[in-house]
Amino acid sequence: MPVTGAEALYRRARRAGIITEYVDAWQWPRSISPETPLPPVWVTGGHRERSLTLPAGIVVAWTLTEESGKQHHGQTRAAPAVGDEALEPATTGRAHLLTLPMGVSDGYHRLTLCVKDARWECKVIVAPERCYEPPAIRAGQRLWGNTVQLYTLRSARNWGIGDFGDLAQMIAGTARLGGAFVGVNPLHALYPALPDWASPYSPSSRRYLNIIYIDVGGLDDFLHSEQAQLWWREPETGRRLQALRANDQVDYAQVMTLKLTALRYAWAQFNRRGTDDPERQSLAEFIAAGGDSLYQQATFDALHLEQVAHGCLSLGWRDWPAEYQQANSAALARFRRQHQDEIAFFSYLQWLAARQLDGCYRLSQRLAMPVGIYRDLAVGVGDDGVENWADPALYCLSASVGAPPDRLGPQGQNWQLPPQDPNVLRKRGYQPFIDMLRANMCYCGMCYCGALRLDHVMALMRLWWVPRGYGPEHGAYARYPVADLLAVLALESQHKQCMVIGEDLGTVPEDIVEKLRAVGVYSYKVLFFERGQDQQFRAPAEYPPQAMTTLTTHDLATLSGFWQGADIDLAHQLDLYDDEQTWRRLLEERRLERQALLDALRRAGCLPAATPVRAEEVPMSPALNAAIHRFVAQSRSALLGLQPEDWLQMATPVNVPGTTDAYPNWRRKLTRDLETLFSDPDIIQLLTAVGRWRGRCGEGNAED
């Protein structure tokens, strides 16, 4: 059967990645017109092809309008004859090329094609070759910093959970000892109405912040409110605060109740400000910049709080009344009219959180930290969160992101995070991806970080989709337009001067490793996994420079926990192993791992000469702790991230994968408060030595 011209064009379109079919707003299947010569988005720049092939026989005038308003004009030209053989056999005529003009700046532009009365447009993204790298790293410096789970921080002034005031104190202490950054867990918006759903990696939204981190005591409107100060001085308020601070775990429900009470007092005081008050103007600008996205976030939080108050205790919107399950319903419009002040209140809370985080970053810059704040971007959003409620067309709600069976999860993993549809993402010119990056790097004139870690960076290339109702072993990989997404990432990274680290642990295809390296995304190296085929630990000199090295992660044992096998014993107590034999096998493997690590420390010259040869004879101690820190400090990696748990030789983890209620995940605090952490002579000595070791890359002797 002969191939028609339209069919040939569709084939070329599919090869180019153009979506040729879609479902419209009324759920009818539709196809694009065969007269559409442009893709929805054209990504170019760097080493990428700078010419766009248009269907044969179409000679058009074009206009490229840059972000700045500058325009370029031209007309397509015929492609070389040698390229004709790549066209469909039934296509007549010669294809035409549209070549990007010289001198077009990196950025987001608009291409317009015109033929008589016909007109087509597409977004043109011109990207740089690589992501941003701080001058200190480009100059060859090897930097170190601290990585913390913000909620674990203790202080004499917080309200039972680490907050942005504590983050500022952590930044100041780290900078004083020569650290280049402070890393934090994902700070994404969770669920104020149900604060016990505390996993930072299952957020409601990745575009907004968790309001529980607001430092209420640092708000002028709280301090100047007579009602707030009367409440603050009540004995019951003091008693509750004392209990929350003394608790070894974060009591999210009590903390949120206390903070929302105080924040409503602050909101009432804020509303007494004059209309020309600079603070009011700042909030208005923030709300205008947030647009519909912020309005949906604030509406969701206000509605969720009301639903919980009326006895609906689900995590999110799927169990709400049907009239509220669609963000554009008539019932929701009525809710918005009736609860305008409550919605404005939640917008105000996002503004407060954003301002305080911005203040922390600006503090890091005043203290001359080369990186400043290092943020963590979760791989997806929760199944019942605001993002897929407000924009369900972007997500495949019948599937969940996870991981196939591997050594970390023999049964596979289902993270209950609905994946974004890559076809819809491309059709929208990658705007959702752009908006998400901006919201985490720099937004509405506020800077949030100097480095961004992408959790499960392989998501830029492929994601393991698990059908709803099935186990992860029944999943399959869905591909994503990795080249385009990396180009957008590089563009936003350069625009915001924010370096990028990709968490590339687990099953990682080799082709994405090369792509990440080429575009300037830094790898993520964890000491426990850095071993060769002989299971021996790699020497510090074998670590790649374009990487961040850490001792461990939030999903793994602490350093002391690893050495003692506490994580294996804990998992055994929680019945996470199939049988007793598995537990004993893992203990034996850990014994071998400890010995391998001790051998590596000795080869690298990190151990005192008197250290026993057999690992069984070496308990965890300050000397061994310092030796392991020295080992990773000597790595060639540009960045080194350390965590306070390891300075304090804590053995309990913050999270045990595979558990929900069996273990208090995301709640365990540090054993020391910030007031004493950076005044401890042993910690000062350790971190000062880390800075010295980072500067010498393995020089010196083990007694130093």
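**View 1. Helix 13 crosses helix 14 in a right-handed sense.** The model shown here and in the other views is predicted. Helix 13 spans residues 431-441 and helix 14 spans residues 482-496. Their axes lie 10 Å apart, and the packing angle is about 30°. Angles under 35 degrees count as roughly parallel, and helix 13 and helix 14 are therefore described as roughly parallel to each other.

**View 2. Residues of helix 13 meet residues of helix 14.** From helix 13, the contact takes in Phe433, Ile434, Leu437, Arg438 and Met441. Facing them in helix 14 are Leu485, Val488, Leu489, Glu492, Ser493 and Lys496. Sorted by class, this contact of helix 13 with helix 14 holds seven nonpolar residues, one polar residue and three charged residues.

**View 3. An open sheet is built from five strands.** The strands follow the order 3-10-9-5-6, with mixed pairing. Strand 3 (41-44) and strand 6 (71-75) are the edge strands, and each of these pairs on one side only. On average, neighbouring strands of the sheet are turned by 25° against each other, with direction ignored.

**View 4. Strand 9 pairs with strand 10, and helix 14 packs on the sheet.** Strand 9 covers residues 107-115, and strand 10 covers residues 118-126. The two strands pair in the antiparallel sense over nine bridges. His109 has Val124 in strand 10 as its bridge partner. Helix 14, which also takes part in the contact with helix 13, touches strand 3, strand 9 and strand 10 of the sheet. The direction of helix 14 makes about 125° with that of strand 9.

**View 5. Helix 6 and helix 7 form a left-handed crossing.** Helix 6 consists of residues 235-246, and helix 7 of residues 252-270. The axes of these two helices come within 11 Å and cross at roughly 140°. Angles over 145 degrees count as roughly antiparallel; helix 6 and helix 7 are therefore classed as oblique to each other.

**View 6. Residues of helix 6 meet residues of helix 7.** Helix 6 contributes Arg240, Leu241 and Leu244 to this contact. Their counterparts in helix 7 are Gln254, Val255, Thr257 and Leu258. The contact of helix 6 with helix 7 divides by class into four nonpolar, two polar and one charged.

Key. Residues are numbered from 1 along each chain as its sequence is written. This is a predicted model: local features need pLDDT of at least 70, side-chain atom pairs count only at pLDDT 80 or more; totals for chains, interfaces and linings use all residues. Side-chain values use heavy atoms; hydrogens and water are left out. Axes are lines fitted to C-alpha atoms, for helices over the stretch in contact, and angles run from 0 to 180 degrees between N-to-C directions. Helices (H or I, at least four residues) and strands (E, at least two) are DSSP runs, numbered from the N terminus. Angles under 35 degrees count as roughly parallel, over 145 as roughly antiparallel, 65 to 115 as roughly perpendicular and the rest as oblique. A crossing is left-handed if the near helix is turned anticlockwise from the far one by less than a right angle, and right-handed if clockwise. Contact means heavy atoms within 4.5 Å. Ala, Val, Leu, Ile, Met, Phe, Trp, Tyr, Cys and Pro count as nonpolar, Asp, Glu, Lys and Arg as charged, and the others, Gly among them, as polar. Two strands pair if DSSP finds at least two bridges between them.
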